[in-house]
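Me: I have a model open and would like to learn how to read it. Could you walk me through it step by step?

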Amino acid sequence: SNPSTIVVNGKTYKTDSWFNVPENVLASTSRKIHLQKDHPVSITRQIIESVFPRPTFKSHNEFDPVVSTFENFDSLGFPPDHPGRARSDTYYINEKTLLRTHTSAHEAQLFRASESDGYLISADVYRRDEVDRSHYPIFHQMEGARVWDRTKVPGGDVAAAIYADLERLPKHNVKVDDPNPPIHPERNPLQAAHHSAAEAEALAAHLKRSLELMVVEIFTRAKAAAAKADPNYVDEPLRVRWVEAYFPFTSPSWELEVYYAGDWLEVLGCGVSKQEILIDAGVPNQIGWAYGIGLERIAMLLFQIPDIRLFWSKDERFLSQFAGVSDNLDCLKRFVPFSKYPACYKDVSFWLRSTSAAGGNTARANAHDWHENDLMEIVRDVAGDTVEDVKMVDAFTHPKTGRRSMCYRINYRSLERTLTNAETNELHDAVTKSLVEKLGVEIR
Ligand code: PHE
């Protein structure tokens, strides 16, 4: 019973058998909390934008979340069998159209437009994922990219021009671990057909300093807010490290991690842009770097926001706490939790529809095509933001029949009020019923 057309931001799209976007996700495409004044996601965006000044960098914050499969994956060199393309991971409107899974979907179009030497793209991105306090099917990313044109730099020496720009960046005194060589022949190769080693190293050096400066900006503010909130706060010096990474559209690639409150946190992914992308975008003379950062994770840290659902709250007890910050980024305040309402755990145990029991209808969930994200989505669909997390607590395969049994524990807890027993039971019954209907499981 899928709708044959849907509307996102005023535009109508035809659906097909690939369509898998639930109503609550579609409804959120219009929220634009990254642009909402004094919203913590928007404040975080502004803080990061302040590190990448105009006119070198131009911000694009209004791109539509609906993109083509080509833009999201093919244009970036994702292979046809990449797991990110699966319908269990990505929201499709139809086979050729989806809700972007990352802001990199817009890289090629901006390289092609070639309006500036740098780009920032902030936007909502969509992924089918687990349910817990740090995952939500919609979150926000900021993409940054910086390019240089070989034909436009003095003397045609692009590496020298990049180093000259690096010299103009501010310095910082943070301890940076960078144990790996900037280029590794197998894991992190130079694009030898397109870049000299000197060019790739210049790009890497400029990229790393730029992103270190961004992290310094963010964490200096986070610590100042922490110290203001807690007179006993003990300041620890900031430590960051570069770790080799892999992305289909950059090489070499890295992740930046920051040591904060006793843990190494992965903060962003980045790398030297694959030259094929620039060539395909009609700007073969440009070379450059790109990064992508998740805004909610940074906002959770900056404001000490303990649960990702809070970003979607319309509750004044949440929103009013950040009033005025958009206009004065120096008056960052830590979030003060309003009282926590009680948790209510409910288990649901079921047999997966086994291949043999499924008879002629193997299209539904059986032992072989069980995707946990399908369950997660049904829970969200029925119970929405009253669910804090969902965890598997037991799974076994019956030794004789070969049937597989699973048990999931759902934690019902509203951010805004105490749920009544009757109400939680009703929600849980509805979840159970929907699991049976949509996944064909048999309740135990
Ligand atoms: N798009 C990547 C992600 O979502 C991040 C990234 C952006 C990596 C740009 C490299 C360059 O994980």
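**Reading the model, feature by feature**

Reply: Happily! Let's start with one residue, tryptophan 18: setting aside neighbours within four places in sequence, tryptophan 18 is in contact with Arg87, Tyr92, Asn94 and Glu95.

Me: Where does tryptophan 18 sit in the chain?

Reply: Tryptophan 18 lies in the loop between strand 2 (11-14) and helix 1 (23-28).

Me: Why does tryptophan 18 count as partly exposed?

Reply: Burial is judged by counting neighbours: a residue needs 20 or more other C-beta atoms within 10 Å to be buried, and 12 or fewer make it exposed. Tryptophan 18 has 18 C-beta neighbours inside 10 Å, so it counts as partly exposed.

Me: How much confidence does the predictor place in the chain?

Reply: Remember that this is a predicted model. The mean pLDDT of the protein chain is 93, with 97% of its residues at 70 or more. For the complex, the predictor reports an ipTM of 0.99 and a pTM of 0.87. Take care with residues 357-367, where pLDDT stays under 50; for that stretch the model has 22 contacts beyond four places in sequence.

Me: What surrounds the ligand?

Reply: For a ligand, list the shell, then ask which elements supply it. Here the shell consists of His102, Ser104, Glu143, Phe247, Thr250, Gly269, Cys270, Gly271, Ala290, Tyr291 and Gly292. Strand 12 (263-273) and strand 13 (286-294) are the elements that give two or more residues to this shell. By class, the shell has 4 nonpolar, 6 polar and 1 charged.

Me: Which residues have the most contacts inside the largest nonpolar core?

Reply: A core can be read through its best-connected members. The largest one has 76 residues, and those with the most contacts inside it are Leu203, Leu211, Val215, Ile218, Leu256, Cys270 and Ala299. Helix 6 (residues 197-229) supplies the largest share of this core, 11 residues. Take isoleucine 218 as an example: beyond four places in sequence, its contacts are Ile47, Ile298 and Leu302. There is also a second, separate core of 20 residues, including Met376, Ala383, Val390 and Ile410.

Me: How is the protein chain divided into domains?

Reply: The assignment gives domain 1 (31-65 + 100-331) and domain 2 (344-443). Taken over C-alpha atoms, their centres are 37 Å apart.

Me: And how many residues of domain 1 are in contact with domain 2?

Reply: The size of an interface is often given as the accessible area lost when the parts come together. Here we can use residue contacts: 13 residues of domain 1 are in contact with 12 residues of domain 2. The domain 1 side has 4 nonpolar, 1 polar and 8 charged residues.

Technical notes: Residues numbered from 1 in each chain as written. Predicted model: local features only at pLDDT ≥ 70, side-chain atom pairs only at ≥ 80, totals over all residues. Domains from an automatic or database assignment. Contact = placed C-beta atoms within 7 Å. Nonpolar A, V, L, I, M, F, W, Y, C, P; charged D, E, K, R; others polar. Near = placed C-beta within 6 Å. Helix = DSSP H or I, 4+ residues; strand = E, 2+ residues; numbered from the N terminus. pLDDT = per-residue confidence, 0-100. Core = buried A, V, L, I, M, F, W, Y, C linked by C-beta atoms within 7 Å.
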